[in-house]
Amino acid sequence: MQANIDATVIEEVFRKQKAASMRLKQKTVQERLDSLRQLKEWIKSNREKIKEAVWDDLKKPPTETDLTEIYVVLSEISHAVKWLPKWAGVHKIKGYLPLVGSKSYIQMEPKGMALIISPWNYPFNLAIGPLVSAIAAGCTVVLKPSEMAPSTSRLIGGMVSEVFREEEVTVIEGGPLVVQTLLSKPFDHVFFTGSPAVGKSVMKAASEHLTSVTLELGGKSPVLIDKACKISEVAERVVWGKFLNCGQTCVAPDYVLVHETEADRFFEEMKVQVRKMFNPKDRGTANNEDYGRIINPQHLERLQDMFSEALDKGAQIVVGGEVDKAGNYMAPTVLREIRTDLKLMQEEIFGPLLPVLTYSDIDEAIAFINSKPKPLAIYVFTEEDFFSDYVLTHTSSGTAVINDCAVQFGHPGLPFGGVGQSGMGKSHGYYGFLAFSNQKAVLHQKTGFTPVRNLYPPYGFKKRKIVSLFLRFK
Ligand SMILES: NC(=O)c1ccc[n+]([C@@H]2O[C@H](COP(=O)([O-])OP(=O)(O)OC[C@H]3O[C@@H](n4cnc5c(N)ncnc54)[C@H](O)[C@@H]3O)[C@@H](O)[C@H]2O)c1
């Protein structure tokens, strides 16, 4: 682990990994499985330390860390261990008549040297999830965790130096300058999780070396609530998905569109559910088991600014609204009477403010969603399949969930990622493995006769006829 890194240290790390990457690319599946199992053991044996580090950084309730940081990563590892022999094996491709006699297959080749840049909001999960995929694929890794979650970054550095050799995985701590220095190196893949603005600059820097990128970004994920649904159940699921980690979740519902006939019942149920899940008496105590904190005063200020603008322009508080600057606390807050020109409706909120708008016509609601950049997720609540089918075929999003929120992240078999401004490429399970692999197409031609040889120049009458015949059957 390196702190306050300078360019020469990065140069040295890069040189060492480069020298080792060819050898590590040849690591057997068994060796990769052993590494993943060791990682899993370390995490299981150090569960308390992980929870302490995340508490230090985010005051995240330990049970929430167990669920959303540790359990999710352990599931990712178990899934990779189970399937890696199949993923990494040769994938045979069916024969093709014009190339009769040849054999075709896909060979999964590790891309080589990977750079992983991770954010602060799930500081363990979002650093280690991609690491699991990179190790499964056989890559070396430089991992740059977030400087805004220093305790977890330090813990990750310690874990990596215990589990991996330096030339295999190295953690480099630091902020934007360190990222820029790292990006000046010709890595074979960059896996970035963070904001769309920084994602753009990462892609720009990677393009200098034509390095491939996975960009896991954010955006405004809507919730669309149909007339036909159980409002109390909907409210419970929206409250959980939104206020988990104080709304600092890339796939958190960013705003709600509820059918106007259900709006009043929805607001009542949101009050009930917020009060049921989050006890305000816990506020500020070290034993707060239910609700975390805003990462830092700057983010709290950004949220307060959005909040006061909304109130100034007519928004009303359904529930919540309390702020305690000293403790970086902002209560789970639901707002109504929302104007669409508010910052709250223009920028990704990434905090515990939930604006709720109403709609009367589904096409208007869909047009509103489509007027914004494509989101990471769309959440549709309905009892009618035709309603969810209609919404999903008339909108575009990285992921979609019907009748729940945020749970798609926890399924290692589903590809996770955005589309358009919410991201590029996919992660988790097989899709994460693919991000760090070159799917090398191999065609093994037999020696001696091949049908293609019949068509080599010079193109006499007979060959022209054969080609015309081929074309007739296409
Ligand atoms: N799609 C996903 O899986 C996912 C998951 C979590 C968070 N996010 C998104 O991440 C954002 C919040 O996380 P964040 O605040 O840590 O993001 P961020 O973009 O500020 O930071 C992410 C990483 O980039 C680095 N960085 C920051 N500014 C930089 C710069 N100017 N140049 C180079 N590197 C820089 C940071 O050190 C950090 O490691 C939100 O937009 C959220 O939606 C997406």
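Helices, such as the two that flank the loop holding K60, are DSSP runs of H or I with at least four residues, numbered from the N terminus. The legends below refer to a predicted model.

**Figure 1. Two domains of the predicted model and the interface between them.** The domain assignment gives domain 1 as residues 7-217 together with 425-438, and domain 2 as residues 222-412. The centres of the two domains, taken over C-alpha atoms, are separated by 31 Å. Contact involves 25 residues of domain 1 and 23 residues of domain 2. Between domain 1 and domain 2 an area of about 2,000 Å² is buried, and carbon and sulfur atoms give 60% of this area. W120, Y122 and H428 supply 24% of the area that domain 1 buries against domain 2, more than any other three residues.

**Figure 2. The side of domain 1 that touches domain 2.** The rule finds zero salt bridges across the interface of domain 1 and domain 2, whereas six residue pairs are in polar contact between the two domains, both residues of each pair being at pLDDT 80 or more. On the domain 1 side, α3 (47-58), α4 (62-88) and α5 (125-137) each supply at least two residues. Helix α4 gives the largest share of this side, with eight residues. By residue class, the side of domain 1 that touches domain 2 divides into 11 nonpolar, eight polar and six charged residues.

**Figure 3. Surroundings of K60 in the loop between α3 and α4.** K60 has a relative accessible area of 0%; because buried means under 20% relative accessible area, K60 is classed as buried. Apart from neighbours within four places in sequence, the contacts of K60 are V54, W55, T65, T68, E69, N121, Y122, N245 and G292. A polar atom of the K60 side chain lies 3.2 Å from the backbone oxygen of N121. K60 and R293 are 233 residues apart in sequence, yet their C-alpha atoms are 7.0 Å apart in space.

**Figure 4. The salt bridge between K230 and E383.** Side chains of opposite charge can pair when their charged atoms come close. The structure holds 25 salt bridges, and one of them joins the side chains of K230 and E383, with an N to O distance of 4.0 Å. This pair links distant parts of the chain, 153 residues apart: K230 is in the loop between β8 (221-225) and α9 (231-243), and E383 is in the loop between β15 (377-381) and α14 (385-394). K230 is partly exposed at 48% relative accessibility, and E383 is likewise partly exposed at 47%.

**Figure 5. The salt bridge between R336 and D264.** The closest N and O atoms of R336 and D264 are 3.7 Å apart. R336 belongs to strand β13 (residues 333-336) and D264 to helix α10 (residues 263-277), so the pair ties together parts that are 72 residues apart in sequence. R336 has a relative accessible area of 25% and is partly exposed, while D264, at 52% relative accessibility, counts as exposed.

**Figure 6. The R339 and D341 pair, and a salt-bridge network.** R339 forms a salt bridge with D341, in which the closest N and O atoms are 2.7 Å apart. R339 is partly exposed at 39% relative accessibility, and D341 is partly exposed at 40%. Elsewhere, R23, K27, R165, E167 and E168 are joined into one network by salt bridges that share partners.

Conventions
Residues are numbered from 1 along each chain as its sequence is written. This is a predicted model: local features need pLDDT of at least 70, side-chain atom pairs count only at pLDDT 80 or more; totals for chains, interfaces and linings use all residues. Side-chain values use heavy atoms; hydrogens and water are left out. Domain bounds come from an automatic or database domain assignment. Contact means heavy atoms within 4.5 Å. Buried area is the accessible area (1.4 Å probe) that two parts lose on being put together, summed over both. A polar contact is a pair of N or O atoms within 3.5 Å; within protein, one must be able to donate a hydrogen and the other to accept it, and residues adjacent in sequence count only if both atoms are side-chain atoms. Ala, Val, Leu, Ile, Met, Phe, Trp, Tyr, Cys and Pro count as nonpolar, Asp, Glu, Lys and Arg as charged, and the others, Gly among them, as polar. Buried means under 20% relative accessible area, exposed over 50%, partly exposed in between (1.4 Å probe, protein chains only).
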